[in-house]
Amino acid sequence: MKKDLLGIGDLTRDEIYLILDTAEAMREIGQRPIKKVPTLRGKTVVNLFYEPSTRTRTSFEIAEKRLSADTLNIAVAASSVLKGETLADTAMNIEAMAPDVIVLRHASSGACHLLSRICKSRVINAGDGMHEHPTQALLDAFTIREHKKRIDGLNVTIVGDLLHSRVLRSNVLLLTQLGADVCVCGPSTLVPIGIERLGVRVSTRVDEAVRDADVIMMLRIQQERMHGAFFPSVREYFNTFGMTPARVARAKPDVIIMHPGPMNRGIEISSEVADGPYSVILEQVANGVSVRMAVLYLLAGGVEGD
Amino acid sequence: MPVVLDAVRIGRTLTRIAHEILERHVTPGGPGDIVRLAFVGIRTRGVPIARRLASAIHEINGQEIPTGALDITLYRDDLMRHAVGPQPVIRRTEIPFSIDDKRILLVDDVLYTGRTIRAALDALIDFGRPKAIQLIVLVDRGHRELPIKADYVGKNLPTSLSQSVQVHLTEIDGRDDVEIQDA
């Protein structure tokens with residue numbers, strides 16, 4: 001493994017499988033009466049979150065605590081960023097207190113790369129702008145593999161706001177590297193230019209895109225990142241692209257429905273689907289802890305050239 | 001490489017240890033402690049040895065003794081001390097029973113410095129509070145660095161620090177033997 005986990009693009013196929021297999025072993029720790037191992041005792045992990053997050057931050061914090069690391073959370077709303085400090089200055093100040101790992105969530109794409117260049121601490125990307133969210137893609141792959149026993153050769157359809165989604169980019173990079181057949185679908189105003197170069201099929205017709213899918217992955221409509229009119233109304237979006245039981249019925253009978261959260265019920269997904277028997281959305285959340293434990297463990301070790 | 005135990009000797013040794021376990025835990029006219037025994041094998045090669053001991057006991061008196069597998073990697077004392085190189089691979093721990101008030105028979109292939117056993121004891125305590133823990137090893141090669149001693153030993157094997165002891169088991173290596181190798 002490299003020093004940092006900045007994106008799926010940095011990982012080899014073998015490293016992805018190593019993370020998934022390690023996560024498999026980590027899962028058992030969460031089922032013990034004492035949910036803790038001493039592995040990262042004495043290591044300090046800083047969770048630096050510049051964007052709101054419930055799932056990811058909680059998941060990282062639980063993972064860190066189960067490995068016995070000392071964790072501290074910096075929520076930007078209560079920090080000196082409000083007094084005008086830059087990311088680089090904040091990072092160097094935190095670095096001066098010698099943490100071992102910094103977990104960063106930031107609204108700007110590439111923020112983690114900047115941090116990685118100026119910090120000696122390991123950096124884990126917990127979502128940077130519209131770029132990548134690698135631990136989300138890893139936990140998605142873990143969940144898919146658990147249900148389908150493989151990733152190679154599966155039909156995966158990803159539907160929603162493709163343009164603003166870091167989850168999409170990380171998932172496409174990971175799933176295509178492991179040999180899945182990926183189709184992405186959304187309104188043409190929300191399809192990033194050149195996405196087909198990543199080796200995916202592009203569709204703007206959801207009924208066609210979900211046909212024979214083994215996995216349907218929904219993406220949230222990110223209204224907070226939309227500056228302009230990408231579709232006429234939320235209601236029309238739901239009618240044209242929303243995941244309904246009728247659309248799910250076009251996929252394979254054993255299809256699984258995924259969503260990285262937070263869900264907009266009635267916009268990209270209907271409640272019948274979100275709570276339906278094929279939904280694995282809460283399993284994704286549970287698996288997130290095991291996958292993040294695996295990443296923390298594998299990164300906290302030695303690095304070549306250290 | 002000189003073979004110090006071949007397949008026949010390994011088989012006899014494990015049968016002998018199975019009888020010793022029964023001798024110590026079964027009281028005449030009653031089951032004694034055997035109802036509360038459980039094997040926990042240390043990954044990798046402690047696990048097949050534990051399974052073989054459980055089936056040997058089953059053959060002798062028909063009793064099923066629960067058997068688990070323990071991976072001690074996350075408890076190693078040398079884990080974060082290497083500046084270079086990848087982290088050791090973690091495999092799954094599977095102890096599908098409560099260890100509370102059980103007499104745990106911890107099984108490993110080779111007893112050497114004692115550091116693996118120290119880690120295994122820490123790991124076991126995180127699963128509950130056993131009544132007792134006893135240690136079974138196929139080979140004791142000496143050179144302890146911690147105050148740890150086995151309760152059941154297959155073979156005491158005097159070695160020098162430069163030698164290495166390799167245990168091969170059919171389940172993992174396709175053959176049964178113990179070899180001693182000079183560096």
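**A sheet in chain A, and some unusual backbone spots**

Me: In which loop does A:P262 lie?
Reply: This is a predicted model. In chain A, A:P262 falls outside the two elements that flank it, β9 and α10 (271–274). Its place is the loop between β9 and α10 of chain A.

Me: What is omega for the peptide bond from A:G261 to A:P262?
Reply: Start with the form of the bond. The bond from A:G261 to A:P262 is cis. Its omega is near -10 degrees.

Me: Which two residues of chain B does a cis peptide bond join?
Reply: Look at the loop between β2 (37–42) and α2 (46–61) of chain B, where B:T44 lies. The cis bond there has an omega of about 10 degrees. It joins B:R43 and B:T44.

Me: In what order do the strands of the five-stranded open sheet of chain A stand?
Reply: Follow the pairings. β6(A) and β7(A) share three bridges, while β5(A) has five bridges to β6(A) and four to β8(A). Each of these pairs is parallel. With β9 included, the order is β7-β6-β5-β8-β9.

Me: Which strands stand at the edges of this sheet?
Reply: An edge strand here has a single partner strand, so one of its sides is left without a neighbour in the sheet. Two strands of chain A fit that description. They are β7 (201–203) and β9 (256–258).

Me: Are the residues of strand β5 (residues 155–159) of chain A buried or exposed?
Reply: Test them against the cut-off: 20 or more other C-beta atoms within 10 Å counts as buried. A:N155, A:T157 and A:V159 point one way, and A:V156 and A:I158 point the other way. Five of the five pass, so the strand is largely enclosed by the rest of the structure. The residues are buried.

Me: Which residue of β8(A) stands opposite A:V159?
Reply: A:V159 is in β5(A), which pairs with β6(A) and with β8(A). Its bridge partner in β6(A) is A:C185. In β8(A), the residue opposite is A:M218.

Me: Which helix makes a right-handed β-α-β unit with β5(A) and β6(A)?
Reply: The strands of this unit run parallel, joined by five bridges. The helix lies across β5, β6 and β8 of chain A, at about 160 degrees to β6(A). It spans residues 166–177. It is α6(A).

Me: Is A:K149 buried or exposed?
Reply: A:K149 sits in the loop between α5 (134–148) and β5 of chain A. Its phi is positive, about 65 degrees, although it is not a glycine. It has 7 other C-beta atoms within 10 Å, and 12 or fewer counts as exposed. So A:K149 is exposed.

Me: How many other C-beta atoms lie within 10 Å of A:S68?
Reply: A:S68 also has a positive phi, about 70 degrees, without being a glycine. Its loop runs between α2 (55–66) and β2 (70–75) of chain A. The residue is partly exposed, because its count is 15.

Me: How many charged residues are on the side of chain B that touches chain A?
Reply: The contact takes 18 residues from chain B and 18 from chain A. On the chain B side, nine are nonpolar and five are polar. The charged ones number four.

Me: What is the ipTM of the model?
Reply: Begin with chain B, where the mean pLDDT is 93 and 98% of residues reach 70 or more. The model's pTM is 0.92. Its ipTM is 0.86.

Conventions: Residues numbered from 1 in each chain as written. Chains lettered and ligands numbered in written order. Predicted model: local features only at pLDDT ≥ 70, side-chain atom pairs only at ≥ 80, totals over all residues. Contact = placed C-beta atoms within 7 Å. Nonpolar A, V, L, I, M, F, W, Y, C, P; charged D, E, K, R; others polar. Pairing = 2+ DSSP bridges. Right-handed = clockwise from strand over helix to strand, strands pointing away. Axes fitted to C-alpha atoms, helices over the stretch in contact; angles between N-to-C directions. pLDDT = per-residue confidence, 0-100.
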